[in-house]
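Got a few minutes to look over a fold before heading back to the bench? Here is a quick briefing to read alongside the structure.

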Amino acid sequence: MGRLSDRDATIIMVLLVIAIVAFPYVFYIKDAKVETESLKQEYVTLEARYNELKEMDKHRDEFLSRTKELNDETDAIVASYPADITKEHYTQFLLNTELNHDITTANFDKDTRRVTWDEGSQIVFFDTVSYGENDEVPIQSDEISTPYISVINESTVTYVTYYVGMKNLLDYFIEQQISPMCYKGFSAEYNDDTGVVTGQFVIEQYAIKNTEDPDRVLAPIEIFPDVDAYDFRGMEYDYGTNGINGVNGVFGPLVFDEELSEEGMAAQNEALEEGVPMAEEPAEVQEEAAPAAE
């Protein structure tokens with residue numbers, strides 16, 4: 001094979017140079033074309049979004065106004081719930097129920113701690129209280145996250161009363177709006193011999209916490225009359241005509257020391273004429289055995 005002529009060598013050299021220059025240039029053009037098409041597509045998408053936002057901007061004031069309305073509605077809903085659920089507040093609610101004159105006709109003297117009843121048939125005692133644990137669940141969805149946490153508590157209360165007292169208690173639980181709650185379960189058993197009604201309520205309470213609002217907390221409460229200082233919870237007494245069948249309730253003890261006035265006896269007799277038998281007679285004024293702390 002002969003040597004290349006100078007002319008052939010020059011041609012080959014020129015072709016190699018062209019190839020070296022053209023090869024990356026061809027691929028660059030190809031990549032650039034792909035990128036150009038991508039940019040064109042992105043432009044189309046952005047233009048559509050721009051037109052959408054431009055159209056929405058025409059309604060900006062409406063959006064802002066409606067957003068404020070929804071935020072105000074949310075704030076109102078949250079504000080209608082307590083910030084938490086505690087045993088102390090629950091205890092005070094039950095204690096206030098026992099001493100509520102409209103329900104139990106109880107007359108409670110805050111100074112002497114003396115409790116009297118206008119009608120013995122309307123005495124109500126909560127004799128046991130089981131405090132359930134709070135169940136906390138974030139309020140959110142797959143698309144929306146909020147700072148709110150729902151709090152649910154389910155507790156059981158057993159009670160001792162008479163027929164009239166049970167009706168009043170049911171009406172009160174249905175109508176009261178002190179705190180969002182519902183009564184998931186209720187039972188009652190009537191004793192034909194004594195006229196005593198016993199049973200239980202399953203009470204479910206609700207609250208909403210706001211993790212972004214440090215000021216949204218449940219105000220501390222001092223139970224009045226104090227039931228913890230004297231270990232009153234769940235105490236039962238068998239002597240005399242104390243309580244109902246010896247039960248003073250979880251917030252007792254209360255001790256009989258005087259008979260009802262003539263007016264009180266008349267009110268009790270009127271209740272009996274309506275078909276509400278009593279466990280003992282007469283019903284009597286009751287006084288706490290120990291003073292409660294302020």
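What follows goes from the whole chain to one helix and then to one residue.

Keep in mind that this is a predicted model. The chain runs to 294 residues, and buried ones make up 34% of them. In terms of secondary structure, there are 6 helices and 9 strands.

**The chain overall**
- Take the contacts with a separation of 6 or more: 70% of them join residues that sit 24 or more positions apart.
- The chain's accessible surface is about 18700 Å², and carbon and sulfur atoms account for 54% of that.

**Helix α3**
- Helix α3 covers residues 87-98, which makes 12 residues.
- Its end C-alpha atoms lie 17 Å apart, and that agrees with the 16 Å you'd expect at 1.5 Å a residue.
- Its buried residues include the aromatics Tyr90 and Phe93, along with Leu94 and Leu95.
- Polar names turn up on the buried list as well, among them Thr91, Gln92, Thr97 and Glu98.

**Thr105 and its surroundings**
- Thr105 sits in the loop that links α4 (101-104) to β1 (106-108).
- Is Thr105 buried or exposed? With a relative accessible area of 7%, Thr105 counts as buried, because the cut-off is under 20%.
- Beyond its neighbours within four places in sequence, Thr105 touches Asn100, Thr116, Trp117, Asp118, Glu119 and Gln122.
- Glu119 deserves a second look: its backbone nitrogen is 3.1 Å from a polar atom in the Thr105 side chain.

Methods:
Residues are numbered from 1 along each chain as its sequence is written. This is a predicted model: local features need pLDDT of at least 70, side-chain atom pairs count only at pLDDT 80 or more; totals for chains, interfaces and linings use all residues. Side-chain values use heavy atoms; hydrogens and water are left out. Helices (H or I, at least four residues) and strands (E, at least two) are DSSP runs, numbered from the N terminus. Buried means under 20% relative accessible area, exposed over 50%, partly exposed in between (1.4 Å probe, protein chains only). A polar contact is a pair of N or O atoms within 3.5 Å; within protein, one must be able to donate a hydrogen and the other to accept it, and residues adjacent in sequence count only if both atoms are side-chain atoms. Contact means heavy atoms within 4.5 Å. The expected span of a helix is 1.5 Å times one less than its number of residues. Accessible areas come from the Shrake-Rupley method with a 1.4 Å probe; for residues, only the protein chains shown count as cover.
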